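Subject: Structure for you to look at, with notes

Dear colleague,

I am handing over the structure we spoke about, with the sequence alongside. Please open it before reading on, since my notes are easier to follow with the model on the screen.

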Amino acid sequence: MDIRSNADTTAGGGSIAGSEAPTTATPAGRDGGGRGEGGNKPKLQLPASCEPPQPGQPPAKQLVWIVFGGTGHMGRSLVKSTLSHSDLVTTVGRVFETTPAQIATLNSDSCLGTLCDVRDYASVSKVMEKTLDRFGRIDCIANCSGYGVIGACEDQDEYEVRNQFETNFMGTLHILQASLPYFRQQNGGRYLIFSSTSGALGVPGLGPYCATKYAVEGLIEAMLYEVDSFGIKATLVEPGLVRRDEPAEITNSLPTWGHFLIKPASEAYSHATSPALHAKRMVQWLGDRQPTSAVKCAELVWQLGHCSYPPLRLLLGSYAIESIRDRLRSVTEELEDWKHLNFPVAPSEGEDGGKGGEGGEDGDGQAGEGEGGNIVVEGTSPDGGEN
């Protein structure tokens, strides 16, 4: 649980795929984010449209962060990044994974270490109270906590499914409900909620986990409409295939695949090519070769905390971009293929406005009886309102 500064690694490279991958230098002012040391590596930078902190300049304000899941892979990198930029942070470990003595070693003038079970609202509230007692305010809350079971939907028992929902969905809801009154009172606050590519597409072998992330995404989207007038903003961070990206000498008790339990498959799903084993094959095949750098992701998430106009979603890594784009393209194509069931087909040239032909309408505005007519559910009007 070393939280030594990563200032030398977060600044280099213009891509989040590989912490040491060389990048081609570009003319001054055209790389959108300044240059790293030596002038041969453009600094990672969010788009100028969201007004992120400028490279080489301190941010306008020192923020106070709470990072739930701060002892996990992504959370640990985010804590390092915030401290390297001179922000203040409360890093929150899991009660059944980290001892009080271990978390106490993280305490410093700029960092408070504490433990929490996000499944328990009272435990989350205590984190808020401790942070306010120590730093006097809260500006940004990041939720990196999460838990998943890798296995077929049929193979996961009720306890395993409920535990994923309690951690991923209810944990996020507890964080929101415990902090929103404070953010409303100060008329401002920022949430950075770590979702996943699994919150945008179904992954074989991760069914219940995907369901929790879909639920989190719906929760955050709905909440944003409710709290916009209070100056509260939120971003769903969707990383894809992120490696630990830490020095080899750091002792890490977590497995390569983080807070995931790989459950043995039942006989029906145990053959080598079973789609239900897709997620298991991926994590075991990739190992530490995931293409996306956790350190560089953390740098961009830190910028999110300081930017003026954060996006609703921030996708991190080429896998996240490509897989979610393919998913959205598939949904769009399916909508186009089936939309004729819900919209009338334009009448052919020369047809009068009387009896509807194929998809036409009669003089009373009712759907024609020919093939291709508009389907209108009984009891509703065509625009979705009640008759």
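Below I describe what was found, starting with the whole chain and then moving to helices and single residues.

Please keep in mind throughout that this is a predicted model. The protein has 387 residues, of which 48% count as buried, and its secondary structure comes to nine helices and 11 strands. If one takes the contacts between residues at least 6 apart in sequence, 68% of them join residues at least 24 apart.

Helix packing

Helix 6 covers residues 207–227, and its length can be checked against expectation: at 1.5 Å a residue its 21 residues should span 30 Å, and the end C-alpha atoms are 31 Å apart, which agrees. The buried residues of this helix include Pro 208, Tyr 209, Cys 210 and Thr 212 towards the lower numbers, and Met 223, Leu 224 and Val 227 towards the higher ones, with Lys 213 and Glu 217 also among them. What do the buried residues of helix 6 pack against? Their partners are helix 5 (158–186) together with strand 5 (148–150), strand 6 (189–194), strand 7 (232–239), strand 9 (260–262) and strand 11 (313–316).

The pairing of helix 5 with helix 6 can be described further, as their axes come within 8 Å and cross at roughly 15 degrees. Angles under 35 degrees count as roughly parallel, and helix 5 is therefore roughly parallel to helix 6. Among the residues that make this contact are Val 161, Gln 164, Phe 165 and Leu 180 from helix 5, and Pro 208, Tyr 209, Val 216 and Val 227 from helix 6. The crossing of these two helices, helix 5 and helix 6, is right-handed.

Helix 5 also packs with helix 4 (121–135), at an angle of about 40 degrees and with the axes 8 Å apart. That angle makes helix 4 oblique to helix 5. On the helix 4 side the contact is made by Tyr 121, Val 124, Ser 125, Met 128 and Leu 132, while helix 5 contributes His 174, Ile 175, Gln 177, Ala 178, Ser 179 and Tyr 182. The crossing of helix 4 and helix 5 is right-handed.

Buried residues in loops

Asp 139 sits in the loop between helix 4 and strand 4 (140–143). Is this residue, Asp 139, buried or exposed? Its relative accessibility is 9%, so Asp 139 counts as buried. Its side chain reaches the backbone nitrogen of Val 64 at 2.8 Å, and a polar contact of 2.8 Å joins it to the side chain of Arg 137. Leaving out residues up to four places away in sequence, Asp 139 touches Lys 61, Gln 62, Leu 63, Val 64, Phe 183, Gly 189 and Arg 190.

Gln 156, in the loop between strand 5 and helix 5, has a relative accessibility of 7% and therefore counts as buried. A polar atom of its side chain lies 3.3 Å from the backbone oxygen of Val 149. Apart from residues up to four places away in sequence, Gln 156 touches residues including Val 149, Val 161, Gln 164 and Pro 208.

Gly 69 is placed in the loop between strand 1 and helix 2 (73–84), and at 11% relative accessibility it counts as buried. Gly 69 and Arg 94 are 25 residues apart in sequence, yet their C-alpha atoms are 6.8 Å apart in space. When neighbours within four places in sequence are set aside, Gly 69 is in contact with Gly 75, Arg 76, Val 92, Cys 144 and Ser 145.

Backbone angles

Most residues other than glycine have a negative phi. Glu 51, which is not a glycine, has a positive phi of about 55 degrees; this residue, Glu 51, is found in the loop between helix 1 (7–10) and strand 1 (64–68), and its 42% relative accessibility means that it counts as partly exposed. Asn 187, again not a glycine, likewise has a positive phi of about 55 degrees, and Asn 187 lies in the loop between helix 5 and strand 6.

With best wishes

Key
Residues numbered from 1 in each chain as written. Predicted model: local features only at pLDDT ≥ 70, side-chain atom pairs only at ≥ 80, totals over all residues. Heavy atoms only, no water. Helix = DSSP H or I, 4+ residues; strand = E, 2+ residues; numbered from the N terminus. Buried < 20%, exposed > 50% of the residue type's maximum accessible area, 1.4 Å probe, protein only. Polar contact = N/O pair within 3.5 Å; in protein donor to acceptor, adjacent residues only side chain to side chain. Contact = heavy atoms within 4.5 Å. Expected span 1.5 Å × (residues − 1). Axes fitted to C-alpha atoms, helices over the stretch in contact; angles between N-to-C directions. Parallel < 35°, antiparallel > 145°, perpendicular 65-115°, else oblique. Left-handed = near helix turned anticlockwise from the far one by under 90°.
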